[in-house]
Amino acid sequence: MITFNEKTNLFKLDTPSVSYVMVLADGKYLGQVYFGKRLENAAADLSYLLRIDEPPFTPSVNLREKVSFLDSFPMEYAFGGTGDFRESCIGVITESGQEGLELTYRSHRIYPGKDKLCGLPATWGGQAETLEITLEDAPTGVQTILSYSVFADSDAIMRSVRVKNNGTGAVYIDRVLSACLDIEDADFEVLSLHGSWARERHMQRLPLGIGSYVTESVRGESSHQDHPFLALLTPSCTQESGEVYAMNFVYSGNFLAKAQHTQHDRVRMVMGVHPDYFRWKLEAGESFQAPEAVLVYSDRGLGGMTRTFHDLYRNHLIRSPYKDIRRPVLINNWEATYFDFDTDKLLAIAKEASALGIEMLVMDDGWFGHRNGDNSSLGDWTVNEEKIKGGLKTLVDGVKSFGMKFGIWMEPEMISPDSELYRAHPDWALRLNGREPSLCREQLVLDFSRPEVLDYVYGQISAVLRSADISYVKWDMNRQLTDPGSSYLPADRQGEASHRHTLGVYALQERLLTEFPDLLLENCSGGGARFDAGMLYYSPQIWCSDDMDAVERLQIQEGTALIYPLSAMGAHVCCSPNHTVGRETPIDMRAAVALAGTFGYELDVTTLSEEEKERIPAQIARYKKYAPLIQGGDYYRIASYRETHTYDCYEIVSKDRSEAVVFFIQVLNEPNRRSRKIRLQGLDGQAVYDVGGKRYTGEALMYAGYILPRPWGDFQPVILELHREK
């Protein structure tokens with residue numbers, strides 16, 4: 001899968017359908033020459049693509065124009081300060097206060113397998129091969145070890161960078177990005193994901209002109225507002241055709257993703273930890289490991305990109321024992337009760353829910369300290385027995401008596417000023433010297449750079465989990481990081497606080513899952529502010545958004561499913577009218593939309609009408625029926641409500657193409673319209689499929705289309721099952 005041609009100085013990485021090629025110019029400058037459809041001839045010399053036989057030539061030929069060379073060469077890992085004025089991947093400040101590097105080739109190695117990244121989430125698994133290329137800046141002794149991994153069953157390229165200080169004195173890293181892609185412009189458009197609380201990951205597609213396009217977060221999390229994903233698309237790119245070059249970051253903190261269209265009609269795309277609020281002191285002999293970035297090329301449109309990401313993350317990122325099994329159908333009490341609950345209310349919900357086939361009760365915020373609102377007690381993870389009469393075990397045993405499992409909500413990273421913990425340890429909160437820290441949701445952020453904070457938090461969490469039979473934890477984070485100052489770190493390491501917070505989250509979750517390996521962990525951050533690949537390494541599902549309105553969820557879930565498997569999307573059937581937008585929708589539509597994810601309920605089941613209660617067992621049965629397909633099948637986007645403004649449609653096809661399910665959601669009906677024709681995808685063209693008792697060939701359904709009768713009314717779901725005849 002990975003080769004090096006000593007004669008041509010060419011590195012070549014091959015996946016089943018894609019090749020990635022780099023060449024050494026002058027024997028020392030690592031240049032990027034190709035990323036695209038697989039090249040079968042391993043001996044092909046692509047060095048001509050570097051254009052080093054034309055001005056400004058290489059420094060060995062034309063030293064007087066070295067700056068022009070550095071500013072036009074397609075650097076595999078860009079450096080600045082010595083002649084390349086484009087976006088740089090690395091910045092290092094020496095003890096003398098100077099910065100500027102010239103990274104040149106020193107060595108490489110190719111080895112089977114893929115090493116773990118110390119303290120960081122990353123892809124894993126067998127049938128892998130890895131290339132490491134060491135570049136060095138001779139005057140400072142700074143080395144960058146570029147790592148590239150490929151899996152035999154994936155078309156993705158995994159990239160990461162380790163910076164090592166081989167000099168004699170300390171240096172400060174103030175920029176270290178994880179991936180750089182430098183390619184010829186093709187009138188690219190950029191695709192990114194944006195939003196805000198309750199409307200995360202809306203897709204945005206724009207032309208990329210001369211200059212730079214940036215998506216970023218400096219909020220201490222991947223964020224509601226932006227997402228660590230960026231793609232370049234050819235102008236004609238659709239779901240089924242066109243070229244895509246995409247990057248996704250396996251990280252949950254501050255990030256930068258940038259596409260820069262330069263003077264010579266090249267595009268440099270980079271991704272990594274955001275340089276703002278980041279400076280890492282590296283003593284002599286020490287190394288810093290940057291997070292992993294995933295690169296995907298598709299010549300089969302956005303759908304091809306999506307399915308590559310889905311398969312990679314299902315097979316090589318998610319580790320949970322739940323990743324390949326059906327998740328329990330849960331009911332969460334948050335929108336049913338908010339903070340107004342006690343043992344009796346929760347047991348009443350559990351009793352009614354269990355009778356309808358729901359399998360788990362999750363107790364949300366408000367069970368600890370003296371918390372009856374969102375203004376106290378974070379950090380005091382002891383049960384409020386005025387609410388939970390008899391203690392947590394009594395409640396859990398009561399829920400289990402109905403044949404249900406039990407789950408619990410926590411927010412371990414936060415601390416309330418009104419808490420016993422804050423009164424004892426105000427220095428455990430992040431704060432800037434001489435300033436009152438800014439409140440958000442009347443809470444502060446714990447300083448996860450402090451080992452004693454991590455130990456305390458873990459002790460509190462684990463004590464709760466050991467006290468009763470708890471199967472599930474919802475780990476929440478309801479505010480961004482501000483005031484990134486630590487009373488623990490010395491002055492010359494204050495720039496490490498934000499990154500150390502993210503590393504602390506990873507360390508705690510790793511520790512939690514090591515002690516409780518069968519725990520179902522669901523990450524959350526005020527909804528979907530930390531729905532990213534880094535979190536998927538620890539939890540097989542992430543809460544997609546606090547907005548559960550079925551109409552709003554169509555755009556949120558479309559943007560999420562662009563990259564992440566459906567089985568990772570936390571999705572519930574909510575109250576009607578919806579608590580976020582006030583919209584009323586039928587329970588069958590709410591359930592159909594929630595089927596695209598993990599499926600559960602977030603409402604007071606004791607107050608539903610008898611008609612609504614009667615619908616729930618059938619909804620659960622449908623979820624159980626489709627769960628294997630949703631968890632392991634190929635996802636195809638047929639139509640987008642974002643574009644049609646009236647309906648949404650997607651399809652999931654089993655890997656062997658023997659069955660499929662199509663979800664069609666009519667949001668708004670229209671007068672005087674005929675039935676709709678939809679063209680399915682991913683089927684066996686020569687096979688015959690049964691669709692609702694009628695027989696169609698696969699090619700007829702894909703090329704000619706299927707006629708779908710128009711439902712009567714707004715907010716109407718239609719679900720089609722396809723079964724291949726034997």
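**Figure 1. Asp174 and its surroundings in strand S10.** Asp174 is found in strand S10, which spans residues 171-184. The model shown here and in the other views is predicted. Asp174 has a relative accessible area of 16%, and because values under 20% count as buried, this residue is classed as buried. Setting aside neighbours within four places in sequence, Asp174 is in contact with Gly91, Val92, Ile93, Glu99, Pro275, Phe278 and Arg279. One of these partners, Pro275, lies 101 residues from Asp174 along the chain, yet the C-alpha atoms of the two are separated by 6.0 Å.

**Figure 2. Strand S16 between strands S13 and S17.** Strand S16 covers residues 255-261, and 7 of its 7 residues are buried, so the strand is largely enclosed by the rest of the structure. The burial applies to both faces of S16: Phe255, Ala257, Ala259 and His261 lie on one side, and Leu256, Lys258 and Gln260 lie on the other. Strand S13 (residues 211-217) pairs with S16 in the antiparallel sense over 7 bridges, and in this pairing Tyr213 stands opposite Ala259. Strand S17 (residues 266-273) also pairs with S16 in the antiparallel sense, over 7 bridges. Here Ala259 stands opposite Met269 of S17. S16 and S17 form a hairpin with 4 residues between the two strands. In the turn of this hairpin, Asp265 has a positive phi of about 55°.

**Figure 3. The open antiparallel sheet S1-S2-S3-S4.** This open sheet is formed by 4 strands in the order S1-S2-S3-S4, with antiparallel pairing. Strand S1 (2-5) and strand S4 (29-37) stand at the edges; each has a single partner strand, so one side of each is left without a neighbour in the sheet. Neighbouring strands of the sheet are turned against each other by 15° on average, direction ignored. The edge strand S4 pairs with strand S3 (residues 18-25) in the antiparallel sense over 8 bridges. Within this pairing, Ser19 stands opposite Gly36 in S4.

**Figure 4. The open parallel sheet of 9 strands.** The strand order in this open sheet is S29-S28-S27-S26-S23-S22-S21-S31-S30, and the pairing is parallel. At the edges stand strand S29 (569-570) and strand S30 (572-574), each with a single partner strand, so one side of each has no neighbour in the sheet. Strand S23 (residues 405-410) and strand S26 (residues 472-475) pair in the parallel sense over 4 bridges. In that pair, Ile408 stands opposite Val473 of S26. Helix H4 lies across strand S21 (330-332) and strand S22 (360-363), and runs at about 155° to S22.

**Figure 5. Packing of helix H4 against helix H5.** Helix H4 (residues 343-355) and helix H5 (residues 392-400) pack at an angle of about 20°, with their axes 9 Å apart. That angle makes H4 roughly parallel to H5, because angles under 35 degrees are classed in this way. The crossing of the two helices, H4 and H5, is right-handed. On the H4 side, Thr343, Leu346, Leu347 and Ala350 take part in the contact, and they meet Leu395, Gly398 and Val399 in H5. By class, the contact has 5 nonpolar, 2 polar and no charged residues.

**Figure 6. Packing of helix H11 against helix H12.** The axes of helix H11 (residues 587-594) and helix H12 (residues 610-632) come within 10 Å and cross at roughly 25°. H11 and H12 are therefore roughly parallel to each other. H11 passes H12 in a right-handed crossing. From H11, the contact is made by Ile587, Asp588, Arg590 and Ala591, and from H12 by Glu612, Arg615, Ile616 and Gln619. The residues of this contact divide into 3 nonpolar, 1 polar and 4 charged.

**Figure 7. The hairpin of strands S36 and S37.** Strand S36 (residues 688-691) and strand S37 (residues 694-697) pair in the antiparallel sense over 4 bridges. The bridge partner of Tyr689 is Tyr696 in S37. The two strands, S36 and S37, form a hairpin with 2 residues between them. Gly692, in the turn, has a positive phi of about 60°.

Technical notes. Residues numbered from 1 in each chain as written. Predicted model: local features only at pLDDT ≥ 70, side-chain atom pairs only at ≥ 80, totals over all residues. Heavy atoms only, no water. Axes fitted to C-alpha atoms, helices over the stretch in contact; angles between N-to-C directions. Parallel < 35°, antiparallel > 145°, perpendicular 65-115°, else oblique. Left-handed = near helix turned anticlockwise from the far one by under 90°. Contact = heavy atoms within 4.5 Å. Nonpolar A, V, L, I, M, F, W, Y, C, P; charged D, E, K, R; others polar. Buried < 20%, exposed > 50% of the residue type's maximum accessible area, 1.4 Å probe, protein only. Pairing = 2+ DSSP bridges.
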